[in-house]
Amino acid sequence: MSARSFSVVKASYTRSAGEAKGSVRYMQHRQDDLGERQTRPLFDRDGELTRQEAYERLDRAAESDGKTYFYRLTFNPGEGRADLDEQGRQAWAAEQMARIEAQGNRVKDWIAVSHTDQGQHDHLHVLAATSRTLQKDELADLRTYGRESYEQQREMQRELGLYHDQGGAQELARFHQHERSYDEDRAYQRQQQRERSYGYER
């Protein structure tokens, strides 16, 4: 089984801007494979932004017209160590958000982080403020589109001489490690729910 045959999408949401901020903080500072706390750059469609800027934008999304659903999304191209550079990963994230909007769901704002130092696999975490929930068929579409758009980014990097094939060894084992890392994420989310009454660090 080739890891290039799938793109994993994990999704959960909250209606609380405070919990969304906690998720942003967590995905920015989650420990790496050596157990060391990291500070990773946050980005959106326009480039990097500070955590305070991210918090302010989440507040604005929560205060905007209509309901707001803060989705915590994780995209894994099934690549083990990714063969896209940071610019390519950021472009891939923007394309995934554009796909959600093409499904008829307003994306009020989104913030993302690349994880290239955790779980023996490279992936993206995105906190997206949407106008409604994502349906199962829409998530399935994101998986299919994720593969296609990732391949397009890879081809662009080939043309630019930036692509580096990481090979196929241990791909399935990496995928299982990727799945285990989500169990850890779920445990964190449950902890967030228990602590929501205490507020979050600004």
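A residue counts as buried when its relative accessible area is under 20%, as exposed when it is over 50%, and as partly exposed in between. Keep that scale in mind for D141: its relative accessibility is 23%, so D141 counts as partly exposed. The model you are looking at is predicted, and this scale will help us find our way around it.

Let us begin with the whole protein. The chain has 202 residues, and 50% of them count as buried. It holds five helices and six strands, and following the sequence from start to end you meet them in the order β-α-β-β-α-β-α-β-β-α-α. Parts of the chain that are far apart in sequence come together here: among contacts with a separation of 6 or more, 79% are between residues 24 or more positions apart. On the outside, the protein exposes about 10000 Å², with carbon and sulfur atoms supplying 45% of that area.

Now look inside. The largest nonpolar core has 21 residues, and the members that touch the most others are L73, F75, M97, I100, W110 and V126. Several elements give two or more residues to this core: strands β4 (69-76), β5 (107-115) and β6 (123-130), along with helices α3 (86-102) and α4 (136-160). F75 is a good place to pause. Beyond its neighbours within four places in sequence, F75 is in contact with V8, V9, W92, Q96, M97, H123, L124, V126 and L142. Apart from this core lies another one, made of 15 residues, with V24, M27, Y55 and F70 among them.

V24 and M27 lead us to helix α1, where both are among the buried residues. This helix is mostly covered, with twelve of its 13 residues buried. Its length also makes sense: at 1.5 Å a residue, the 13 residues should span 18 Å, and the end C-alpha atoms are 18 Å apart, which agrees. At the start of α1, a side-chain oxygen of S16 comes to within 3.2 Å of the backbone nitrogen of G18.

Charged residues are found under cover in α1 too. K21 has a relative accessible area of 6%, so K21 is buried. What does the side chain of K21 meet in a salt bridge? The partner is D59, with an N to O distance of 2.9 Å. This pair links distant parts of the chain, since K21 sits in helix α1 (residues 17-29) and D59 in helix α2 (residues 51-63), 38 residues apart.

The structure holds seven salt bridges, and some of them are found within a single helix. In an α-helix there are 3.6 residues a turn, so residues three or four places apart point the same way. Helix α3 offers an example: E86 and R89 both lie there, three residues apart, or about one turn of the helix. They form a salt bridge whose closest N and O atoms are 2.8 Å apart. The two partners differ in cover, because E86 is partly exposed at 26%, while R89 counts as buried at 12%.

Helix α4 has a similar pair. E151 and R154 are three residues apart in this helix, again about one turn, and their side chains meet in a salt bridge of 2.6 Å, N to O. E151 has a relative accessible area of 34% and is therefore partly exposed, whereas R154, at 2%, is buried. Elsewhere, salt bridges that share partners join D44, R57 and D109 into one network.

Staying with α4, we can return to D141, which lies in this helix. Leaving aside neighbours within four places in sequence, D141 is in contact with R99 and Q103. With Q103, the side chain of D141 makes a polar contact of 3.1 Å. The C-alpha atoms of D141 and I100 are separated by 9.3 Å, although these residues are 41 apart along the chain.

E138 is also part of helix α4. Is E138 buried or exposed? Its relative accessible area is 10%, so E138 is buried. Its contacts beyond four places in sequence are Q103, R132 and T133, and with R132 there is a polar contact of 2.8 Å between the side chains. Q103 thus appears in the contacts of E138 as well as in those of D141.

Technical notes: Residues numbered from 1 in each chain as written. Predicted model: local features only at pLDDT ≥ 70, side-chain atom pairs only at ≥ 80, totals over all residues. Heavy atoms only, no water. Core = buried A, V, L, I, M, F, W, Y, C linked by side-chain atoms within 4.5 Å. Buried < 20%, exposed > 50% of the residue type's maximum accessible area, 1.4 Å probe, protein only. Helix = DSSP H or I, 4+ residues; strand = E, 2+ residues; numbered from the N terminus. Contact = heavy atoms within 4.5 Å. Polar contact = N/O pair within 3.5 Å; in protein donor to acceptor, adjacent residues only side chain to side chain. Salt bridge = Lys/Arg side-chain N within 4 Å of Asp/Glu carboxyl O. Areas by Shrake-Rupley, 256 points an atom, 1.4 Å probe, with all protein chains shown as cover. Expected span 1.5 Å × (residues − 1).
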